[in-house]
Amino acid sequence: MPQVTVIEHLLLHQKESPMATGRFTRLLNELILAAKIISREVNKAGLVDVLGFTGEINVQGEQVQKLDDYANMVLIHRMERAGVLCAIASEENADLVLIPDQFPKGDYFLIFDPLDGSSNIDANVNVGTIFSIYRTKEGCTGDKLCDLLQRGSEQVAAGYFLYGTSTMMVYTTGRGVHGFTLDPSVGEFLLSHPNIKTPETGRIYSVNEAYWDYWDEPTREIVRYFKGSDNRRGQPYGGRYIGSLVADFHRNLLYGGIFLYPADHRDPKKPKGKLRLLCEASPLSFVAAQAGGAGSDGVRDILSIEPEELHQRVPLFIGSKNDVAMVEEIYAKARQS
Ligand code: FBP
């Protein structure tokens, strides 16, 4: 297969998009550079002082991992200088990160989870960077949150970098989903998975069943559906759970399956599950939808949710479309009964 780089692929696709200007390519170029720097650090994590905690607690109430902090710093440093952004939002920062005055600004808004799966970093398990890109609303300056919060269906691009056996980039600009693998010998992401399509019915379910006691009855019925034989497959789905959303999502995208992080009814603080709408659920739901899959909060399409807060959380059911539809069906039946 001819070696196609991300930028070449983008330029090829750009011709199809009247809105495309060089600015988006510039944004993606900076994002790719940041991911290469993070990938280098992740790959040698055990050899340099980036394992463990910084001692700080982040806006999510979680202990900050050194590598998470490093990834966040690298991304903000690179993206501030991209010259095409009006603002940045990170899972690690309580508020918007505005572009310093010394740098040129633009009309793109970037949201990211700098290192997803942080609880797995020290154990050398796959982690990733998730990103989501919007354009500021017409006539808005882009430095106020209200200007920037938009439904997932308004994303102009989204995707993730997966730091695993190899480092991959998977993204969509609304024209299908494409995967690239980093070739360290040339330092380039090369096209390895063109036009990814996910099976309509999966064969894997990914959920942390340790929360069984904290789920409501319809949620338990859903998990029973996937782990039993009384389902569309007529046999149990395979149970796989890495505990890194980006890694679980990627495997299920390729093989077919569903990732579930239901609402937790134990702790009133987490009525809506754990995962963040803007930096996790929306970007991955855009990728899923573009690959023929879907993302839902159990009731509605994640891409239709109007965000109210920067760090808003949602229950997440994402992957093969027939499996996500089954989740919504079981919750709908429970609401009617
Ligand atoms: P962060 O690591 O970005 O905070 O993401 C949350 C996450 O680690 C997901 O990657 C993963 O799917 C989930 O939390 C695991 O949660 P739990 O340990 O409750 O199963």
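Student: So domain bounds come from an automatic or database domain assignment. Where does the largest pocket lie relative to domain 1 (6-193) and domain 2 (204-336)?

Tutor: The largest pocket lies between them, because both domains give residues to its lining. A pocket here is an open set of points on a 1 Å grid over the protein atoms alone, where a 1.4 Å probe fits, with protein on both sides within 12 Å along at least five of seven lines; lining residues have an atom within 4 Å of a point. Keep in mind that this is a predicted model, with local features needing pLDDT of at least 70, side-chain atom pairs needing 80 or more, and totals for chains, interfaces and linings using all residues. Residues are numbered from 1 along each chain as its sequence is written, and side-chain values use heavy atoms, leaving out hydrogens and water.

Student: Which residues lie nearest the centre of the largest pocket?

Tutor: Gly117, Ser118, Ser119, Gly243 and Lys274, out of 27 lining residues.

Student: Switching to the ligand: which residues are closest?

Tutor: Asp116, Tyr211, Tyr241, Leu245 and Tyr261, among 19 that surround the ligand (a heavy atom within 4 Å).

Student: And what polar side-chain atoms lie by its oxygen atoms?

Tutor: Ser118 has one at 2.9 Å from a ligand oxygen. For Glu91, an N or O side-chain atom is 3.2 Å from a ligand oxygen, and Glu280 also places a polar side-chain atom 3.2 Å from one. The cut-off for such a pair of N or O atoms is 3.5 Å.

Student: How much of the ligand does the protein bury?

Tutor: 91% of the 470 Å² that the ligand exposes when taken alone, by the Shrake-Rupley method with a 1.4 Å probe.

Terms used:
Polar contact = N/O pair within 3.5 Å; in protein donor to acceptor, adjacent residues only side chain to side chain.
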